[in-house]
Every structure is written in structure tokens, then in C-alpha cells.
Amino acid sequence: MDDIIRTPTEITPKSITNAYNRFMGRVHRLMFLDRAYDTGQVSDEMLPCVSNYCKYISDTKSSYVAGNPPQYTSAEGDEKAESIVDMFRDQTKEEVDQKLVSDASIYGRAFEVCYCDEEGGVLVPKSAAISPLHCFVAYDFTINPDSVFGAVHYEEKDENNTATHYLDVYDKVNITRYKLNSGSFSIIVESRPHGFDRVPIIEYRNNATMRGDFEPIISLQDAINQVLSDRVKDKNRFASAMLMAKGVNFGDDADEVEENMGKIKDLQYVAIPKDADLSYLVKTFDESSVQILMDDIKADLHKISRIPDLSDQAFASNSSGVAIKFKLQGLNNLAQSLIAQFNKGFKRRCKLYSYVLFGSAEAANIASMRIVFRFDIPADIINEANALNTYIQAGILSRRTAMENCPYVEDVAIEEERIIAEKDDDLERSLRSEMDPMANSMSSSEDEDDDEEETD
């Protein structure tokens with residue numbers, strides 16, 4: 001599915017209006033996904049009982065990919081790249097990345113807006129994650145499309161609940177505010193430079209088709225909601241079943257029947273003729289068949305979404321690291337698809353930051369900068385540590401790469417400094433321990449010489 005907004009390279013009010021209309025055509029689907037994630041309601045009928053697997057699938061995928069905050073690395077000795085990586089850490093870009101991963105999982109796409117903030121008279125690049133409900137990017141018509149402009153949508157309502165729509169349009173140089181009037185956009189705030197050399201809005205795609213992770217199981221989510229709701233309704237009907245009287249009359253009119261039934265409820269006793277019969281008119285249902293149906297739907301749900309059931313006893317009771325990885329293979333494939341798309345956006349972010357900090361002539365080495373995702377997967381830490389050590393000893397893996405893949409290391413550079421400091425402390429302590437016996441020996445020799453002189 002080609003859900004990319006295309007536009008001519010020349011930006012005009014007409015091209016902006018056309019792109020906005022394409023965006024608004026997308027919003028209906030995004031709002032449906034937003035409701036499905038929040039409530040689990042996926043049909044027009046508001047069912048009384050739901051089991052929100054949409055949220056479960058999205059949260060499980062997002063936690064697996066970015067539950068452990070991603071790490072930023074650069075080539076050792078590349079001061080410019082290292083300064084950008086340090087800026088990412090100082091600004092807690094991990095939170096932005098986690099929001100981007102979550103949005104991509106829910107809506108199929110996510111957006112990051114880069115902007116310049118003044119700190120101490122110096123422009124500092126920063127980032128914010130904007131919901132796909134309020135942001136879009138328009139691309140050119142080339143084979144490898146590049147962004148022509150990006151836009152952030154705002155809506156204001158007056159006291160009469162009349163909505164006014166605005167767009168902040170970011171082209172490759174400027175930012176301009178437009179207002180929607182009579183179906184077309186016009187400029188209301190003149191352009192001003194945004195500080196970057198390209199469109200500073202980055203689109204991250206969850207996969208090639210830009211689909212959310214729970215979209216393939218929408219019909220199964222609806223089926224589960226229907227079964228659960230019918231189950232609850234049947235229970236309620238059973239609890240309030242209609243009493244059927246055969247061969248007995250509790251009154252000649254409604255008032256008399258109500259009075260007699262009240263006495264029966266209070267006394268919990270009723271006398272009926274010999275040939276009479278009292279029974280409840282209830283719907284017979286097979287609880288075991290309903291449970292089998294539920295289990296079948298849940299199994300299909302996890303199979304199609306490729307998200308494992310973490311509460312499954314067969315999953316939780318197997319402690320083998322290899323077996324767990326096999327069960328997580330589908331989830332891992334989903335994660336790899338997102339990461340492949342995410343790396344492109346990360347490189348673009350690095351270029352945007354590099355331009356603000358160093359300009360285009362002396363840009364940082366973007367190729368040396370990486371974002372490393374550490375999947376939140378159950379693992380046998382001892383075996384993994386032994387495997388990494390074996391690779392290091394065999395000379396096929398560097399210590400830095402091993403540290404990047406260690407779940408206990410949050411910042412490789414800081415950890416390396418700590419290791420060097422500990423080695424220096426150990427060396428100093430060792431030298432001090434060697435010097436102390438020598439000092440004691442020298443002191444003993446001087447004391448003996450003094451005793452000999454006194455004796456003489």
C-alpha cells in the first residue's frame with residue numbers, strides 16, 4: 001500500500017492544501033487505531049466487555065524493542081560525532097526514541113520534529129516526538145523520494161466550538177504558518193529560518209507498508225469482544241432468569257402477583273398444588289465449547305500478530321535461552337523490520353544536528369554514528385558472557401562491541417573511563433603495598449644502626 005503523500009517540488013498554497021487533504025484522509029484510520037489501542041473497541045457497537053489485545057500487542061513489541069533504552073555510539077576519536085552523541089544523552093533522546101517506537105507500533109508511522117533552542121546565546125538542536133494524528137511529510141515524485149516539506153497541524157476552537165485549522169510548514173530552509181480559509185491555506189505568519197539545511201521533520205515507518213502491529217488482528221479482536229460480551233450477557237440472563245409457573249397462579253392481577261412474589265422472597269417458601277411445577281426459563285449454554293472457541297481465537301491472534309503469549313505456561317516454564325529465542329522469532333522479525341526503517345531516520349537526525357553545530361563544510365562523520373537497540377529478551381547471562389569472552393579471546397570481536405551488547409552497560413565511553421580508573425587505582429594500591437614492606441625494612445635497619453651506635 002502506497003500511503004506516501006506526494007507533492008511538486010514547488011511549494012504553493014494549492015500544493016499544501018492538496019497534501020493536507022491527503023493527510024486528513026489518513027486521519028480517520030489513525031483515529032480508529034488510537035481508539036483500538038486505548039479501549040480495545042474495534043466496532044461501531046460499544047460492547048460491554050473487551051479484552052484489549054491491541055494494547056497488549058503494541059506494548060509488548062515496544063517494550064521488546066525499546067524497553068532497554070537504545071544506545072548511541074560513534075567511532076572512537078571522532079570528536080564531532082562524539083559531541084553529537086553526548087548531546088543525545090544529555091537531552092535524554094532515549095525517551096523520544098521510545099515514544100517514536102510506540103507511535104510506529106500503534107499507527108504504522110512516527111514523526112520527529114527537530115528544532116533549534118537558544119541556550120546561553122547559542123543555538124542548540126533538540127527533538128520532539130509528534131503524534132501522527134497531527135503531523136505529516138510530503139515527498140517528491142522521484143524513485144527515491146526526498147521530503148519537500150513537513151507540517152504540524154493545529155486546531156483551535158472558539159466559544160462557539162468552531163474549529164480553526166493551522167499548519168506550521170517546514171521546508172528545507174524556513175518555517176511558515178498557514179491558516180485554512182474556505183478550503184484553502186493562506187500565509188498568516190511570514191517565513192523565518194528554522195536553522196537546518198533540510199526538512200527537519202523525520203518520518204519513521206514501522207514497516208514497508210506502514211501498518212500498525214495490531215491491524216492484522218482487528219477482526220479477531222472484535223471476535224474476542226463478541227464472545228466475552230455474550231458470555232457476560234448469558235451470565236446476567238441466568239442470574240435474572242424468568243420464573244415459569246405451571247398449574248399455579250400467584251394472583252389475579254399484577255399488583256396481587258407482585259405482593260405474593262414479595263412474600264415468597266421474604267419467606268423463601270412457597271406452597272404449590274401437587275400437579276403444579278415451578279422452573280426458570282433460561283438459555284442453555286455450553287461453557288466448555290465457549291472456552292474452546294476463545295482459546296482458538298487467541299491462538300490465531302498470537303500466530304497472526306507474531307507476538308507470543310507471555311502468560312502461557314509452556315512459554316514461561318521453559319528456561320532454555322535457545323528455546324525462548326525460537327518462540328520470540330516472530331517478534332524479533334517484527335523488531336528488525338522497524339529497526340531497518342529507524343536507522344534511516346536516525347542518520348537524518350544526525351545530519352540535522354551536525355549542520356547546526358558544525359555547518360555543512362565541516363560536518364561530523366555521520367557514518368560512524370549508530371543507534372543500538374538492546375532487545376528486552378530473557379537470556380542466560382552467564383552463557384552469553386562466556387560466549388562474548390570467547391569471541392574476544394579468539395580475536396573476532398572487540399571489547400567495545402562486546403560492551404555495546406552488554407545489558408548492564410548504559411554508556412560505553414563512561415564505562416571505559418571507569419575501567420581505566422579502576423585499573424589505575426589497583427596499580428597504585430599494588431605499588432603502595434610493595435613500597436610499604438620496603439619502607440618498614442628500611443625503618444628497621446635504621447633502628448638497628450641507632451641501637452648499635454648507642455651501644456658503642
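**Note on the predicted model: helix α2, sheets, ring pairs and two loop residues**

1. Helix α2 is largely enclosed by the rest of the structure, because 10 of its 14 residues are buried. The model is a predicted one, and the remarks below should be read with that in mind.

2. The buried positions of α2 are Tyr53, Cys54, Ile57, Ser58, Thr60, Lys61, Ser62, Tyr64, Val65 and Ala66. A lysine, Lys61, is thus listed among the buried residues. The helix covers residues 53–66, and its first and last C-alpha atoms lie 20 Å apart, close to the 20 Å expected at 1.5 Å a residue. At its start, a side-chain oxygen of asparagine 52 comes to within 3.2 Å of the backbone nitrogen of cysteine 54.

3. How many aromatic pairs does the structure hold? The count is 12. Such a pair is described by the distance of the ring centres and the angle of the planes. Phenylalanine 23 and phenylalanine 136 are a stacked example, with 4.9 Å from centre to centre and 25° between the planes. Planes under 30 degrees apart count as stacked. This pair links distant parts of the chain: phenylalanine 23 belongs to helix α1 (residues 13–39) and phenylalanine 136 to strand β5 (residues 135–139), 113 residues apart. Both phenylalanine 23 and phenylalanine 136 are buried.

4. Tyrosine 53 and tyrosine 56 make an edge-to-face pair, at 6.3 Å centre to centre and 75° between the planes. Both sit in helix α2, three residues apart, about one turn of the helix. An α-helix has 3.6 residues a turn, so residues three or four places apart point the same way. Is each tyrosine of the pair buried or partly exposed? Tyrosine 53 is buried, at a relative accessible area of 12%, whereas tyrosine 56 is partly exposed at 25%. The cut-off that separates these two classes is 20%.

5. Phenylalanine 23 and phenylalanine 136 also belong to a cluster. Ring pairs link these two with Tyr20, Phe149 and Phe185.

6. Strands β4, β3 and β10 make up an open sheet, in the order β4-β3-β10 and with antiparallel pairing. Why do β4 and β10 each have one side without a neighbour in the sheet? β4 (122–130) and β10 (201–205) stand at the edges and have a single partner strand each, so one side of each is left free of a neighbour. From one strand to the next, the twist averages 25°.

7. Within this sheet, β3 (residues 109–119) and β10 run antiparallel and are joined by five bridges. Glutamate 112 stands opposite isoleucine 202 of β10.

8. Two helices pack on the sheet. Helix α4 (residues 93–107) touches β3, β4 and β10, and its direction makes about 155° with that of β3. Helix α10 (residues 329–358) also touches β3, β4 and β10, with its direction at about 165° to that of β10.

9. Strand β7 (residues 163–170) has six of its eight residues buried, so the strand is largely enclosed by the rest of the structure. It pairs with β6 (residues 147–157) in the antiparallel sense over eight bridges, and alanine 151 has valine 169 of β7 as its bridge partner. β7 also pairs with β8 (residues 174–181), again antiparallel, over five bridges. Here the bridge partner of tyrosine 166 is lysine 179 in β8. The hairpin of β7 and β8 has three residues between the strands, and the hairpin of β6 and β7 has five.

10. Most residues other than glycine have a negative phi. Two residues deserve a check on this account. Asparagine 161, which is not a glycine, has a positive phi of about 65°. It lies in the loop between β6 and β7 and counts as exposed, at 54% relative accessibility.

11. Methionine 210, likewise not a glycine, has a positive phi of about 55°. This residue is found in the loop between β10 and α5 (218–239). Is methionine 210 buried or exposed? It counts as buried, because its relative accessibility is 2%, and buried means under 20%.

Conventions:
Residues are numbered from 1 along each chain as its sequence is written. This is a predicted model: local features need pLDDT of at least 70, side-chain atom pairs count only at pLDDT 80 or more; totals for chains, interfaces and linings use all residues. Side-chain values use heavy atoms; hydrogens and water are left out. Two strands pair if DSSP finds at least two bridges between them. Helices (H or I, at least four residues) and strands (E, at least two) are DSSP runs, numbered from the N terminus. Axes are lines fitted to C-alpha atoms, for helices over the stretch in contact, and angles run from 0 to 180 degrees between N-to-C directions. Contact means heavy atoms within 4.5 Å. The expected span of a helix is 1.5 Å times one less than its number of residues. Buried means under 20% relative accessible area, exposed over 50%, partly exposed in between (1.4 Å probe, protein chains only). A polar contact is a pair of N or O atoms within 3.5 Å; within protein, one must be able to donate a hydrogen and the other to accept it, and residues adjacent in sequence count only if both atoms are side-chain atoms. Rings of Phe, Tyr and Trp (its six-membered ring) pair if their centres lie within 6.5 Å; planes under 30 degrees apart count as stacked, over 60 as edge-to-face and the rest as tilted.
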